[in-house]
Amino acid sequence: MPELALYAVDDGNSRGRTHAEPRPKARSEFQRDRDRIVHSTAFRRLEYKTQVFVNHEGDLFRTRLTHSIEVAQIARSVARTLRLNDDLAEAIALAHDLGHTPFGHAGQEALNECMRGHGGFEHNLQSLRIVERLEERYGAFDGLNLMFETREGILKHCSPARARELGDLGRRFLEGRRPSLEAQICNLADEIAYNNHDVDDGLRSGVLTLEQLQEISLFARHAAEVDAEFPRIAGRRRVHETIRRMIDAQVTDLLAESTRRIAEAAPASLTDVHTAPELIGFTAAMKEENHALKSFLREHLYRHFEVLRMTAKARRVIQDLFGAFVADPRLLPPQYQAMAAAGSIERATADYIAGMTDRYSMKEHRRLFAVSEF
Ligand code: MG
């Protein structure tokens with residue numbers, strides 16, 4: 001393996017763990033972080049959480065789990081090529097969506113509304129809360145006791161008010177410092193993964209059509225390339241061959257532009273990365289194409305009536321559950337009652353609901369509201 005760049009995060013320049021632990025024997029510290037994330041309860045639940053399409057709508061759609069694995073794959077390749085710490089990139093990618101509620105963004109918006117006046121709800125902060133507090137796996141500490149840089153990468157954004165509460169981890173938002181390049185990579189790997197897999201899932205579901213996608217240059221020019229190379233290609237194979245090339249074009253662009261920016265800024269250490277301008281990014285042309293694709297998806301996929309029906313229902317499920325538990329905390333499972341007693345009923349309820357999978361939340365809803373089910 002090539003040596004890491006001077007400005008990569010490694011075990012030696014890391015700010016380490018909150019609770020001191022002996023060094024791992026046969027792994028690096030960041031490999032240990034990745035392994036802890038994979039073994040966590042929250043990670044397994046991602047399998048049954050919505051990305052765009054509700055989990056039970058079809059076996060072939062992305063879930064939060066397969067999305068996270070795709071992000072990790074892209075992040076690893078980019079990090080490795082740039083001689084950055086790919087284990088850290090993988091750990092951040094696998095953990096970045098742990099805090100997602102059931103039913104994707106609809107669930108998060110509904111829970112955030114329920115939590116208005118009680119500190120709000122934000123999936124990004126919830127991912128951090130899971131790895132710092134909510135996972136119960138170790139005798140010596142709450143959470144997973146991950147390395148500082150892994151947690152820093154999970155916390156993509158944060159309001160100034162919240163940053164002040166977060167101490168060390170929040171300081172960079174107040175001081176305008178950048179996270180590691182590995183964290184910056186995960187951010188864009190996330191974007192590449194969901195833009196492309198949402199095109200695939202959108203087509204598979206029939207919500208998007210190939211005709212509509214012709215207005216998207218990123219899709220149209222790669223589809224034309226595929227047709228020229230394989231004149232008889234059709235159906236799923238044509239879609240996959242096109243999307244494959246779209247991902248490749250985005251990753252290639254990201255690598256070239258980031259390499260150029262790194263060469264220009266010439267960081268000599270991790271500290272230089274924190275104060276440099278954003279070193280990981282697309283060219284202006286690719287950024288524009290991505291933006292067009294995103295707007296297209298917003299208009300034609302995320303706001304499609306069938307998707308909106310699902311989100312309206314998701315909203316009701318979350319609101320009903322939240323209302324029922326807050327009105328009568330005795331309905332919560334005992335460990336959440338204990339959390340409510342130690343903190344607030346609203347936060348304990350939000351933790352409980354956020355941890356639910358799509359199908360578990362629907363089951364809880366039936367248990368609490370369906371007269372035919374007890
Ligand atoms: Mg994501």
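Which protein donors does the magnesium ion have, and how far from it do they lie? Let's work through this and a few more exercises together. The model is predicted, so local features need pLDDT of at least 70 and side-chain atom pairs count only at pLDDT 80 or more, while totals for chains, interfaces and linings use all residues. Residues are numbered from 1 along each chain as its sequence is written, and side-chain values use heavy atoms, with hydrogens and water left out.

**Exercise 1. Describe the magnesium site.**

Step 1: Donors are N, O and S atoms within 2.8 Å of the metal (3.2 Å for Na, K and Ca); water is not among the atoms, so sites may look incomplete.

Step 2: The protein donors are H67 (NE2), H96 (NE2), D97 (OD) and D190 (OD), and they lie 2.2 to 2.7 Å from the ion.

Step 3: Along the chain, these donors follow the spacing H-x28-H-D-x92-D. H96 and D190 link distant parts of the chain, 94 residues apart: H96 is in the loop between α4 (86-95) and α5 (104-114), D190 in helix α10 (residues 181-205). Helices here are DSSP runs (H or I, at least four residues), numbered from the N terminus.

**Exercise 2. Decide whether H96, D190 and F369 are buried or partly exposed.**

Step 1: Buried means under 20% relative accessible area, exposed over 50%, and partly exposed in between (1.4 Å probe, protein chains only).

Step 2: H96 has a relative accessible area of 6%, so H96 is buried. D190 is at 8%, so D190 is buried too.

Step 3: F369 has a value of 40%, so F369 is partly exposed.

**Exercise 3. Find the surroundings of T101 and F369.**

Step 1: T101 sits in the loop between α4 and α5, and T101 counts as buried because its relative accessibility is 0%.

Step 2: A polar contact is a pair of N or O atoms within 3.5 Å; within protein, one must be able to donate a hydrogen and the other to accept it, and residues adjacent in sequence count only if both atoms are side-chain atoms. The T101 side chain reaches the backbone oxygen of G104 at 3.3 Å and the backbone nitrogen of Q108 at 3.0 Å.

Step 3: Contact means heavy atoms within 4.5 Å. Leaving aside neighbours within four places in sequence, T101 is in contact with residues including K49, F121 and M356.

Step 4: F369 lies in helix α19 (residues 358-369). With neighbours within four places in sequence left aside, F369 is in contact with D320, L321 and A324.

Conventions: Helix = DSSP H or I, 4+ residues; strand = E, 2+ residues; numbered from the N terminus.
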